[in-house]
Amino acid sequence: MTGTPGRPDRVVLMNPGPVNVHDRVRAALAGPDECHREPESQALLGTVGGKVTKVCGGGLDSHATVLFTGSGTAALEAVVSSVVPAGGRLLVIDNGHYGERLLRISNVHGTASVRLEFGWATPLDLDAVDHALSADAGITHVAVVHHETSTGMLNPLRELGALVALHGRSLIVDAISSLGAEDLDVVRDHVDWCVGTANKCLEGMPGISFVCAPRERLEGLADVAARTFYLDLSANYRAQVLKGSPQFTPAVQVLRALDAALDLALAEGVPARTARYAARAAEIRAGLEVRGIELLLPPEQRAGSITNAHLSNGMTYDELHDGLKAHGYVIYATQEKSAGVFRLANMGQLTSDDIAGFFRAFDEVVAPVGAPASLIPAVEKRDGAVSR
């Protein structure tokens with residue numbers, strides 16, 4: 001089992017959220033019990049919302065953030081179910097599992113939608129998007145996943161945003177796995193509805209998600225009939241932002257943890273966090289490649305916080321997962337269309353020592369099922385690592 005000073009039982013999470021968090025974030029969970037209707041708890045909504053807005057690139061006067069107690073999917077469902085008017089239509093851009101999820105959410109709520117499918121691990125064709133928007137004047141909104149973690153692909157948000165804006169449509173972005181670590185600016189990228197979560201690249205705890213949007217867009221939701229109750233984005237905006245009080249009971253302690261995580265994120269800055277994640281990703285990818293393990297995507301298509309790789313040496317995912325977990329490392333499977341692929345995320349408070357320790361454990365797990373005996377010493381020499 002890997003460890004750090006003072007925490008010998010630390011498990012290294014290499015799944016794409018929840019993540020290993022800073023001790024300050026963890027400590028924030030242990031604050032005093034409090035009532036969500038008291039002034040200090042209500043003020044927390046505005047404080048956290050303002051910090052999220054800053055991370056997204058929005059101005060505090062021009063943009064607002066609405067918080068939900070729920071995973072990232074809750075906030076995503078709030079947007080998809082709330083912003084498309086009865087006479088509108090949603091263009092869903094799909095090149096992976098989470099693009100498919102956007103369509104499923106839309107269908108559940110009876111939102112008129114059009115699917116533009118490119119196929120898993122296939123880059124977006126902006127010309128095809130341009131054609132779809134030109135051919136269908138009834139499309140009012142476009143939805144896309146920024147970081148499609150089912151494949152590890154980073155979609156071209158800046159170019160897509162400019163294109164959608166050129167056509168005068170409204171852009172919904174699932175930034176659940178990108179916000180805080182990838183280059184994203186809601187103003188520059190023409191993002192009207194930016195959806196994120198606490199427990200990925202913002203390095204908070206699971207349980208809080210949010211929507212950052214221009215205030216004028218949020219005000220315009222008053223004219224859109226509600227399709228949900230708890231996830232009604234307009235009602236939550238009016239309660240939280242306009243009245244300064246939550247519509248429903250929020251997870252106050254998780255909000256406290258997110259507040260601490262946002263302070264750390266803003267102090268570090270997105271460019272620095274991007275660089276930190278890129279360094280960890282490079283260590284992971286180099287370690288896999290030197291072991292002869294094929295990566296799923298070419299370098300120019302990969303996000304900086306996850307690496308998808310093919311299983312090798314005849315090992316099943318369960319064998320690899322269970323063997324690594326016994327050493328204190330948690331990896332992640334992928335969805336059925338990417339069978340034979342496993343995922344290694346480097347979100348959160350991971351260090352170079354964590355990655356080196358992972359590969360020492362990896363070599364111990366893989367060697368018994370047929371890894372070339374000559375490979376492991378060469379890798380240990382390259383890393384300068386000594387097995388524990």
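The axes of helix α2 (residues 39–56) and helix α9 (residues 252–268) come within 10 Å and cross at roughly 35°. This structure is a predicted model. Besides that helix pair, it has an open sheet of 7 strands and a count of 21 salt bridges.

**The α2 and α9 crossing**

- Helix α2 passes α9 in a left-handed crossing.
- On the α2 side, the contact is made by Glu40, Ser41, Leu44, Leu45, Thr47, Val48, Lys51, Val52, Lys54 and Val55.
- On the α9 side, the contact residues are Val252, Leu255, Arg256, Leu258, Asp259, Leu262, Asp263 and Leu266.
- Sorted by class, this contact has 10 nonpolar, 2 polar and 6 charged residues.

**The sheet**

- The strand order is β2-β10-β9-β8-β5-β3-β4, and the pairing is mixed.
- Strands β2 (63–69) and β4 (113–117) stand at the edges.
- Each edge strand has a single partner strand, so one side of each is left without a neighbour in the sheet.
- From one strand to the next, the twist averages 20°.
- Strands β9 (residues 193–197) and β10 (residues 208–214) run antiparallel and are joined by 4 bridges.
- Follow Gly196 across to β10, and its bridge partner there is Phe210.
- Helix α4 (residues 97–108) lies across four strands of the structure: β3 (90–94), β4, β5 (141–145) and β8 (170–174).
- The helix α4 runs at about 155° to β3.

**Salt bridge Arg10 to Asp354**

- Arg10 and Asp354 form a salt bridge, and their closest N and O atoms are 2.8 Å apart.
- Arg10 lies in the segment before β1 (12–13), while Asp354 belongs to helix α12 (residues 352–366).
- The pair therefore ties together parts that are 344 residues apart in sequence.
- Are these two side chains in buried or exposed residues?
- Arg10 is buried, because its relative accessible area is 9%, under the 20% cut-off.
- Asp354 also counts as buried, at 4% relative accessibility.

**Salt bridge Asp183 to Arg158**

- The side chains of Asp183 and Arg158 meet in a salt bridge, at 2.8 Å from N to O.
- Asp183 sits in the loop between β8 and β9, and Arg158 sits in helix α6 (residues 157–166).
- The pair is 25 residues apart in sequence, so the bridge ties together separate parts of the chain.
- Asp183 is partly exposed, with a relative accessible area of 47%.
- Arg158 is partly exposed too, at 42%.

**Salt bridge Arg217 to Asp192**

- Arg217 pairs with Asp192 in a salt bridge, where the closest N and O atoms are 3.1 Å apart.
- This pair links distant parts of the chain, 25 residues apart.
- Arg217 is in helix α7 (residues 215–220), and Asp192 is in the loop between β8 and β9.
- Arg217 counts as partly exposed, at 34% relative accessibility.
- Asp192 is buried, with a relative accessible area of 11%.

**A salt-bridge network**

- Which residues are joined into one network by salt bridges that share partners?
- They are Asp94, Glu100, Arg104, Arg115 and Glu117.
- Asp94 falls in strand β3 (90–94), and Glu100 and Arg104 fall in helix α4 (residues 97–108).
- Arg115 and Glu117 fall in the edge strand β4 (113–117).

Terms used: Residues numbered from 1 in each chain as written. Predicted model: local features only at pLDDT ≥ 70, side-chain atom pairs only at ≥ 80, totals over all residues. Heavy atoms only, no water. Pairing = 2+ DSSP bridges. Helix = DSSP H or I, 4+ residues; strand = E, 2+ residues; numbered from the N terminus. Axes fitted to C-alpha atoms, helices over the stretch in contact; angles between N-to-C directions. Contact = heavy atoms within 4.5 Å. Salt bridge = Lys/Arg side-chain N within 4 Å of Asp/Glu carboxyl O. Buried < 20%, exposed > 50% of the residue type's maximum accessible area, 1.4 Å probe, protein only. Left-handed = near helix turned anticlockwise from the far one by under 90°. Nonpolar A, V, L, I, M, F, W, Y, C, P; charged D, E, K, R; others polar.
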